[in-house]
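Please read the following report alongside the sequence and the 3D view. The text moves from the salt bridges to a surface patch and then to the protein as a whole.

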Amino acid sequence: MMEEKGCPRCKTTKYRNPNLKLLVNVCGHSLCENCVEILFGRGSGTCPQCNTALRRTQFRTQLFENATLEKEIDIRRKILRDFNKQEDDFGSLNEYNDYLEMVETIIFNLSNGIDVEATRRQVEAYKKDNKDLIQKNKFKESEDMNLINQLLRAEQDQDVERRQEIMFLERKKENEKIRNKESLLDELMASDAPADQVIASHQQPGVEPVVGKVKVGSSFGETFIPAPQVQELVYEYICRGIDYLGPSPPVLQELDSKGFTRHVRPASPQSLGGGFTHDMPCHRALQEALSGLFFFPHYTRMEDR
C-alpha cells in the first residue's frame, strides 16, 4: 500500500484534511502549514526531523509527493544558477561533458548528504574563480529570456484578439437571430399570407427544410432521415505481370541451385539483420541483363515479334 501523503509532525493526512497544504525547506523534510506557523513563528527554528537550522521565509509549497525529489530539484535550481557555463565556453566537447558530469556529481552529493562540506567548499571556490563569467552568462540568459517573453506575449496578444473576434462574431450572429425572430413574429401578425410561406421567406441559409414529418438535422424528439449507405468494395490483391521483353529470368529460389550465386559475395550480418540477402542483387542483375532482348523498335505490335 502506498504511503499516504501527510505531515510527519502532527500526522494530519490528505484523507483527514483534503485542504492540507504541505511546505518544504532546504533540508527536504515537509511540514504542514499549521506546524510551520507554530514552529517558525519567530522567523527561524530547527527541523523536527533532522534538527537543521531553517528560516520561515525559505519554506515553499511542496509540488511533489516525494520530499527527496523536491529537495533535489531545489538544489539543482540553486547550483545551475551559478554553474551556468555553455558549450561555447569550452574548447572541446569532451571538456563540456566533463563539466556537466562535475555539476551532476555536486548535485548528487548535496542531495544525498555525501561529502557535504567538501562539496560546498568546491562550489564556493568555483563561484569565486568564475565570478565574471557567471555574471556574463546571467546577463546572456536574461536577454534570451526577454526574447522568449516577448514571443510569449505576442502569442498571448494574438490569442486575445482571436477570442475577441470570435466573441464579436457570435454576438453578431445571436443579434441577427433575435432580429429575424422578431421580424418573423411581426410579419406573421400583420400579413394575410399563409404561415408556411411567411416562415419559408424567413428561412435562414444552412437550415434544412422539413420533408413531410421527417426532419433533416439533429433535434430532440425528431425523426431523422437515415444516412445513405455506401457499399464499400473489399480490397483484393492482384499480382502484376511483368513483361520483360526478353527471356524470363530465373526465380529467386532457383539462383543457388543453378549456380548463379556461386561468385556472389555473401551478405554481412548487418545486412542480414536488415532483411538483405546475397541473392537479391544477383536476381536484380539477371532481370536487367535479360530484359529488353526481344525488343525491336521497328515492330509496333507484339504479334510481329
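Does Glu 288 count as buried or exposed, and what is its relative accessibility? In this predicted model, Glu 288 counts as exposed, because its relative accessibility is 53%, above the cut-off of 50%. Its salt-bridge partner is Arg 284, and the closest N and O atoms of this pair are 3.6 Å apart. Arg 284 is likewise listed as exposed, with a relative accessible area of 51%. The two residues are four places apart in helix α8 (residues 279–290), so about one helical turn separates them.

Side chains of opposite charge can pair when their charged atoms come close. A search of the whole structure finds 10 salt bridges, and the table gives three of them, including the pair just described.

| Salt bridge | Closest N and O atoms |
|---|---|
| Glu 72 and Arg 76 | 3.5 Å |
| Lys 127 and Asp 82 | 3.6 Å |
| Arg 284 and Glu 288 | 3.6 Å |

The bridge between Lys 127 and Asp 82 links distant parts of the chain, since Lys 127 lies in helix α4 (residues 116–129) and Asp 82 in helix α2, 45 residues apart. Lys 127 counts as partly exposed at 30% relative accessibility, whereas Asp 82 is buried, with a relative accessible area of 14%.

Helix α2 spans residues 67–82, and within this helix Glu 72 and Arg 76 lie four residues apart, about one turn of the helix. Glu 72 is partly exposed at 30% relative accessible area, and Arg 76 is partly exposed at 26%. Together with Glu 104, these two residues are linked in a network of salt bridges.

Two further residues of helix α2 can be placed in the same picture. Asp 74, found in this helix, is buried, with a relative accessible area of 8%; leaving aside neighbours within four places in sequence, Asp 74 is in contact with Val 26 and Arg 60. Leu 69, also found in helix α2, is partly exposed, with a relative accessible area of 33%, and joins Leu 63 and Phe 64 in making a nonpolar surface patch of about 280 Å².

For the protein as a whole, the secondary structure comes to eight helices and seven strands. Of its 305 residues, 18% count as buried, and the accessible surface comes to about 24400 Å², of which 53% belongs to carbon and sulfur atoms. Among contacts between residues at least 6 apart in sequence, 46% join residues at least 24 apart.

How values were computed: Residues numbered from 1 in each chain as written. Predicted model: local features only at pLDDT ≥ 70, side-chain atom pairs only at ≥ 80, totals over all residues. Heavy atoms only, no water. Patch = residues over 30% accessible without salt bridge, like charges linked within 9 Å, V, L, I, M, F, W, Y side chains within 5 Å. Areas by Shrake-Rupley, 256 points an atom, 1.4 Å probe, with all protein chains shown as cover. Salt bridge = Lys/Arg side-chain N within 4 Å of Asp/Glu carboxyl O. Buried < 20%, exposed > 50% of the residue type's maximum accessible area, 1.4 Å probe, protein only. Contact = heavy atoms within 4.5 Å.
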